[in-house]
Each structure stands twice: as structure tokens, then as C-alpha cells.
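Student: I'm new to this structure and would like a close look at one part of it. Could you pick a stretch and walk me through it slowly?

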Amino acid sequence: MDTSELPREVRAELRSLSSLNADVVARRLAMAARLLEDDPEAAYGHAMAAQRTAGRVGSVREAAGLAAYAAGHYAEALAELRAARRITGSDDYLPVMADCERGLGRPERALALAAGPEAGRLDHAGQVEMRIVASGARRDMGQLDAAVVTLQGPDLTSTRPEPWSARLRYAYADALLAAGRRDEAVTWFERAAAVDRDEETDAGERLAELQGLVFVDLEEEDGPEDGPEDGPEDGPEDGPDEAAASGRTDDPAGTAARADGGEPAAYVEPDEPEVQTEEPGVEADEAAVPAGLPEVEADRPGEPDLEGAGAPAPAPAVAPVLFSDDAAPAPARPGQDGADQDADEAGAHDDSPSRDPRG
């Protein structure tokens, strides 16, 4: 760690320690300052390690108190800041001490610190911070209107941006929202976001939430380049290779190409039931004819069977066969004319309920 990151007055205070100890403490403080925003718990550990070897140095106790406050250890933060105040005599961290009292569930003590004479000695920025804490204490006590009034004043309506402007306007908007004044809260969240260039608050997110806006991360929404999952209404969309690899038997006709690259199984035409014409008085076995297939009139020679080509027949009871790009249907049986073959293919594929609606 580069100890030059520390303020000059802190390095001056560390000169009261031995050379080796001063170097170790300075490195601990520099690391705590670097981690305070991103990892407050780790910053708290480094600051407390420095405090154990340099507990009489006021800046070390202040650093330990601020790190404990950022990590949510309010009792430890209050103890360290009180010790720093006794050593240095400074009231700069009085607003933080009052907020620690709030964190410990003692809003009355926070209001007592805000109303004390010591708070009157704070600089302008410190007084604004104390008002923000006092407003929060009023809300903790259920005094919602008083919480709103506590933040009103020239600092709130000033058109000149100040270091505390974003925090003050955000606290005022939050108090208005707690009091049920939603429209006014939206206005002040807008004003807080307008001056919050360093994003000290989440005013923009709160404003979007109140306005009903939802931000979607398109990369997370789309995910990797995976196709959509097959739903029940889409039917099987896997190619024959995937079906064979998974052991599924949704190809009852045996027309899909084999996974080992061999010839496809013989294609069984489901469209032409066998009609017995040699024995009069014996009707064809209706049970062997799948429901919904076009009837074949064998006694009308010279007239092509195009009844199924004009209008697609209803889907057969057997699951349709989908061919992939690398698997083609078996050749037609000898003797079948081209019109019948086209009609059969139209009945077997064009009206399939599992066709992908996306084309």
C-alpha cells in the first residue's frame, strides 16, 4: 500500500508512534480507506487492526468508527467515535454518532444530539447532515409530518448545487413518500437525480420504480445462443440423429436415417389401405385403415386420385415424421404415379400439427 494516499494531518499524527508501528498502521488505514465503499466489512477489519496498536491516535479511532458505521456495527462505531471526540475535541462526526443511535433503535437520543449545543457548532454541511438524521429519527417515531418539516428550508430549494444537495433532496422525497404524498415525492426524486452526478443515492432507481418503469437486461434475458425450449404445443423438433441417440421411438414408420449413416428403413405408405376386390362380398378391414385418410377408389380406372391433393386430409393418428436437412424420405414404391405421391406427401407433412410455426 502507498501510504501517501492518507491525508497529511493523519500522517503527521502517526509520527508519535515508533517507525515500524507507524508504517504498519498507515498501511492498514490506507487499505481501510480503499475498501470502505466496496467491502466495508474488510475495511472494518483493517481499521480495527490499526486501532489495536495505535488506540491513542485520534485519526485512527475516527477511521475505526467510520469503518464500523459503514459495516453496520453501530455500537462499535459509536464507541470509537466517542473516543475520537474525547481525544481530538472535534464535533465533526456528531451526525454519524446520532445516526448510530438511530441504528441502535434509540431515535430519542439521536434527536437529543441534534438539538444539543454541540450541533450548533457544526459547519454548514454538518448541520445539513444533522437535519437529515433528525428527519429520519422523526420517521422512526412515527412523526411523519414533522419529518417533512425538519428538512424544509433555503438549502432544499436552492438552485445552486452543493455537495449535500442530492442527499438532502433525496431525504425530503423519501419523507414525502412515507407521509403519503406520492406526487410530491416523484418531483423531488427527479430533482435529487438531476444533481446526483456522483450517484451518491439511488434516486434514479426510486424514480423509475414510482413511475412504473422496468429495466430489462437484454443479455441476461436472451441468454446464450440457445434455441427456445420445446413446449407441449410445439411437438418434437429434434432431427432423426438426436432421436436415435436419445433412444426415443417417435418415428413409428422407420423413415428417419440411421445414426450410423446407413440406408433409411423402408418407407411404409400409410395412405393406401389394401382393398380386397377379388372376393365379392368381403369388405376391406376398416380397422386397418387409419382414421382420416382419403378413400381409394380402385374401380374407376383412368381417373387420377387427386382428392387428397386439393385439400389436406386431417392429421393421421400416428405421429407425423419430420425430416431434417440431411435425411430424405425413401423413394416411392414402384408403380405409384407422381400425383399420388405428391398427395401422400402433402397429407403426411403439410398438415402436421407439430410443424414449427416460425417457418
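Tutor: Let's take helix H9 and the big pocket beside that helix, then follow the trail to a few other spots.

First, some ground rules. This is a predicted model, in which local features need pLDDT of at least 70 and side-chain atom pairs count only at pLDDT 80 or more, while totals for chains, interfaces and linings use all residues. Residues are numbered from 1 along each chain as its sequence is written, and side-chain values use heavy atoms, with hydrogens and water left out.

Now for the helix. Helices here are DSSP runs of H or I with at least four residues (strands are runs of E with at least two), numbered from the N terminus. H9 covers residues 124-140, which makes 17 residues. The expected span of a helix is 1.5 Å times one less than its number of residues, so H9 should span 24 Å, and its end C-alpha atoms are 25 Å apart, which agrees.

Which residues of H9 are buried? They are Gly126, Val128, Met130, Ile132, Val133, Ala134, Ser135, Gly136 and Ala137. "Buried" means under 20% relative accessible area, with exposed over 50% and partly exposed in between, using a 1.4 Å probe and protein chains only. As for what covers those residues, the list includes H6 (94-103), H7 (107-115), H8 (117-120), H10 (144-150), H11 (154-157) and H12 (165-178). Just after H9 comes Gly142, with a positive phi of about 85°.

H9 also has a big share in the largest pocket, giving the most to its lining with nine residues. To find such spaces, a 1 Å grid is laid over the protein atoms alone: a cavity is a set of points where a 1.4 Å probe fits but cannot get out, a pocket is an open set with protein on both sides within 12 Å along at least five of seven lines, and lining residues have an atom within 4 Å of a point. Grid points are joined across faces, edges and corners, and a volume is the space filled by probe spheres set on the points.

The largest pocket comes out at about 820 Å³. Its lining has 27 residues, and Tyr69, Glu129, Ile132, Val133 and Arg167 lie nearest the centre. Two or more lining residues come from each of H4, H6, H9 and H12. Sorted by class, the lining holds 12 nonpolar, four polar and 11 charged residues. In that sorting, Ala, Val, Leu, Ile, Met, Phe, Trp, Tyr, Cys and Pro count as nonpolar, Asp, Glu, Lys and Arg as charged, and the others, Gly among them, as polar. Notice that Ile132 and Val133 turn up both among the buried residues of H9 and among those nearest the centre of this pocket.

H4 takes us on to the second largest pocket, where that helix gives the most to the lining, with six residues. This pocket has a volume of about 360 Å³ and 18 lining residues, with Pro7, Val10, Ser59, Ala63 and Leu66 nearest its centre. H1 (8-13) and H2 join H4 in supplying at least two residues each.

H4 is also home to Arg61. Is Arg61 buried or exposed? Arg61 counts as buried because its relative accessibility is 15%. Contact means heavy atoms within 4.5 Å, and, leaving aside neighbours within four places in sequence, Arg61 is in contact with Gln51, Gly55, Glu80, Ala83, Ala84 and Ile87.

Ala84 leads to a closed space, as one of the residues lining the second largest cavity. There are two cavities of 30 Å³ or more, and this one has about 60 Å³ of space. H5 gives the most to its lining, with four residues. Asp91 is in the lining too, and sits in the loop between H5 (74-88) and H6. With 13% relative accessibility, Asp91 counts as buried.

Where does Asp91 reach? Its side chain joins that of Arg121 through a polar contact of 3.2 Å. A polar contact is a pair of N or O atoms within 3.5 Å; within protein, one must be able to donate a hydrogen and the other to accept it, and residues adjacent in sequence count only if both atoms are side-chain atoms. Asp91 and Leu122 are 31 residues apart in sequence, yet 6.9 Å apart in space, C-alpha to C-alpha.
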